Amino acid sequence: GRNGGTSSPVIKASTFADNSAANDTDQSNGDGGAIFNNVGGGGTISPRIINTTFIGNEADDGGAIRNFGPATISSTIINSTFTDNAALGSGGDGGAIENTANPDGSEPTISTTIENTILWGNTAGGDGPEIYNDGSDTTPTLSHTIIQGGLSGISENNGSSTTDGGANLNSDPLFSDAGTPAGPDGTFRTVDDGVNVKAGSPALDGGDQVVGDPDALLGRAEHE
C-alpha cells in the first residue's frame, strides 16, 4: 500500500499468539504486536481478517493490530477473537486495536468494520484497552460484537467516532478457560481451546447470519 500502491491481504482461520512489537528501551514506536498496517504516499490497504484469534500479543501501541496511515485503510474483521493483548507503558494505547489517521495533508481515512467478534480482557497502559481511535477521519463500525466496556468504553480522540451497527454487547463471553488459551493439548484451533466459549455464552446464536456463522459469533462449531 505504500507509494500509491494497493494491498488487499486476506487472513483466514489463523491464530496470532504471544507476538511482540514492544520497544524494551523506552516503550515507544513499537506498533501492532501481531499486525501493523501503515500506509503512506497515497496508498490504500484493505485487509480482511476472518475466523482468526489474537491472544497474548503486545506492542507499545495496538497490542494486536495498529492501523496508522496518512492515506486509506479500509479493514474488515469478521468472526474473530481478541483477548489478553496489551498496549504497554503509561502511554500505550489500544490494547487490542489502535486506529490513527495521521493527518499530513493527504486526507487519511481509517474505516474498520468489525462484525461477529469478541474483544475482551485486553489491556492498555494508556487509553482504550479494547479499541483506541484518533483523528476525525477514523470511523470504525461495530456490529454483533462483544466488547468489554461497550462502545462507550472505546477511546475516541480528536474527532474520531465509532458507528454502532447494532446488536453489540458488553457481556462476559464465558471463555472455557481463558487461563489456558490453547487448551490441554497445547494446540490452538482445536476443540479444547480455552478461548472457545461455554454453554450459556452470549456469543452463541448472537452472530449475523449474513456474513458469519448462524450459530456463533466465532464462526466455529466447536464454540458451542
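**Exercise 1.** In this predicted model, work out in which sense strand E13 and E18 pair, and over how many bridges.

*Solution.* Start with strand E13, which covers residues 86-87. Its pairing with E18 is parallel and runs over 2 bridges. To pin down the register, take Ala86: its bridge partner in E18 is Thr123.

Next, place the pair in its sheet. The open sheet has 3 strands, ordered E8-E13-E18, with parallel pairing. Strand E8 (58-59) and strand E18 (123-124) each have a single partner strand and stand at the edges, so one side of each lacks a neighbour in the sheet.

**Exercise 2.** Find which strands pair with E9, and give a residue contact for each pairing.

*Solution.* Let's take the partners in turn. Strand E4 (residues 35-38) is joined to E9 by 4 bridges, in the parallel sense. Here Asn37 lies opposite Asn67 of E9.

Now turn to strand E14 (residues 97-101), which runs parallel to E9 and is linked with E9 by 5 bridges. In this pairing, Arg66 has Glu98 of E14 as its bridge partner.

**Exercise 3.** Sort the residues of E9 by the way they point, and decide whether they are buried or exposed.

*Solution.* First recall the general pattern: along a regular strand, side chains alternate between the two sheet faces. Then apply the sorting to E9: Ile65, Asn67 and Gly69 point one way, while Arg66 and Phe68 point the other way.

Finally, check the burial, which here means under 20% relative accessible area. Strand E9 (residues 65-69) has 5 of its 5 residues buried, making the strand mostly covered. Both groups, the one with Ile65 and the one with Arg66, are therefore on the buried side of the cut-off.

Technical notes:
Residues are numbered from 1 along each chain as its sequence is written. This is a predicted model: local features need pLDDT of at least 70, side-chain atom pairs count only at pLDDT 80 or more; totals for chains, interfaces and linings use all residues. Side-chain values use heavy atoms; hydrogens and water are left out. Two strands pair if DSSP finds at least two bridges between them. Buried means under 20% relative accessible area, exposed over 50%, partly exposed in between (1.4 Å probe, protein chains only).
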